[in-house]
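Please read the following report alongside the sequence and the coordinates. It takes up a strand pairing and the sheet around it, then some backbone details and a record annotation.

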Amino acid sequence: MTFNKIYQYNFPTTIRFGAGSVKELSAYLKANDLHKPLIVTDSIIVQLPFFKEIVEDLKKHNISVEVFCDTHKNPVKSDVYKGVEFGDNTSRDSIIGIGGGAALDIARAIALRVNHREDLFKYDDLIGGDIYVTNEVPHFIAIPTTSGTGSEVGRSAIIADDETHHKRILFSPKLMAKIVFADPLLTMDLPPFVTAATGMDALTHNMEAFLAKNLHPICDGIALEGISLIKDSLERATNNPDLESRSKMMMASMMGAIAFQKGLGVVHSLAHPLSSLLDTHHGLANAVNIPYGMAFNIKGFEDKFRRIARALDLKEETGEAVVNYLFELNSKINIPHKLRDIGVREEHIETLSDMAIADFAHPNNPKPVTRDDFKSLYLKAL
């Protein structure tokens, strides 16, 4: 891969991938007769130089821009309602999500709600709500600024209830972005922690998708290549970033999101309650839990772990070697090995276990997971 040119992929979302691709945004909007976009982002990104440059370029091309950034780091329903009200009051004709997974999830949920005004959680895919997504959605454009969730190529948004913190999945093929501008230059100045945590999120997506119990050889192949790209690039992107490492991580992030349409597993069900209960960064929650979740899955799936070990280019092609690799990688990118180091206490374990067994991800784990299993895994990781 040459890292100083722009590539186009259609999978099926149109992806403009490469350094400088975001500069095509204004021309794309004008070509599609879009002149009044609502940009959805977060309060940190809105202050960054690259964001200001994007907005200035749009204004220079006579495109009216409004920015909504009043959001939480773990998206909640009220974020979506506020964003839709803001868009209503400013008469927007399209939505541009710029940011990491949280901003893109909120942007996608706003796009859904514009023409679907019943209670947002009526559209929860886990209760069959996707059948109610019947109207058109506004023109939606996604611009990722991290290499983690891969939300830019997704068709769903995870939004939590403000009070109960219970996570819901809003899903429909209608929610796929019309185009993604995947520009690794936007990630060059990410701090090491964000690079590490989001990168481990991408690795978790690829590993869990590969292990997920559903038959989907297409996703398996994508996931293994995503694992290989992360092996080549995450440590360097975190500690000594360059365009090559940032580009590989952005590609691997999208690959993980494409692959996990096959399903996720025990690690995400361990991680989601940490974000809901303790407001833990999702990538960090996955990063700390992934060695323990992978160790849980080894028995009975040794051949799958052999293939993961090959993708990681490990000398020993075993599940134990994969788990050791994950601990070593976390050390190299300054991720702690224990939950107590990220604010989890023993008194949290029972509530976390209740939330984990109720989570939507583990039914696709290659082996069943009980509440006692979750409690045991939390205690091991504590």
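Strand 3 (residues 37-40) and strand 5 (residues 94-99) pair in the parallel sense over four bridges, where two strands count as paired if DSSP finds at least two bridges between them. Within this pairing, Pro37 has Ser94 of strand 5 as its bridge partner. Strands (E, at least two residues) and helices (H or I, at least four) are DSSP runs, numbered from the N terminus. The model is a predicted one, in which local features need pLDDT of at least 70 and side-chain atom pairs count only at pLDDT 80 or more, while totals for chains, interfaces and linings use all residues. Residues are numbered from 1 along each chain as its sequence is written, and side-chain values use heavy atoms, with hydrogens and water left out.

The pairing belongs to an open sheet of seven strands, in the order 1-2-9-6-5-3-4 and with mixed pairing. Strand 1 and strand 4 are the edge strands, each pairing on one side only, and the twist from one strand to the next averages 20 degrees.

Two helices lie across strands of this set. Helix 3 (residues 77-90) lies across strand 3 and strand 4 and runs at about 165 degrees to strand 4; helix 4 (residues 101-114) lies across strand 3, strand 4, strand 5 and strand 6 (139-144), running at about 165 degrees to strand 5. Contact here means heavy atoms within 4.5 Å, and axes are lines fitted to C-alpha atoms, for helices over the stretch in contact, with angles from 0 to 180 degrees between N-to-C directions.

The backbone also has some local features in loops. The peptide bond from Phe11 to Pro12 is cis, with omega near -15 degrees, and Pro12 is found in the loop between strand 1 (7-10) and strand 2 (14-17). Asn62 and Asp279 are set out below; neither is a glycine.

| Residue | Phi | Loop between | Relative accessible area |
|---|---|---|---|
| Asn62 | about 60 degrees | helix 2 (49-60) and strand 4 (66-68) | 65%, exposed |
| Asp279 | about 60 degrees | helix 8 (266-278) and helix 9 (282-297) | 39%, partly exposed |

Exposed means over 50% relative accessible area, buried under 20%, and partly exposed in between (1.4 Å probe, protein chains only).

The unreviewed UniProt entry annotates residues 12-184 as "domain: Alcohol dehydrogenase iron-type/glycerol dehydrogenase GldA"; such annotations may be inferred rather than shown by experiment, and their positions follow the numbering used here, with feature names shortened. Over residues 12-184 the chain is 27% helix and 21% strand, and the end C-alpha atoms are 20 Å apart.
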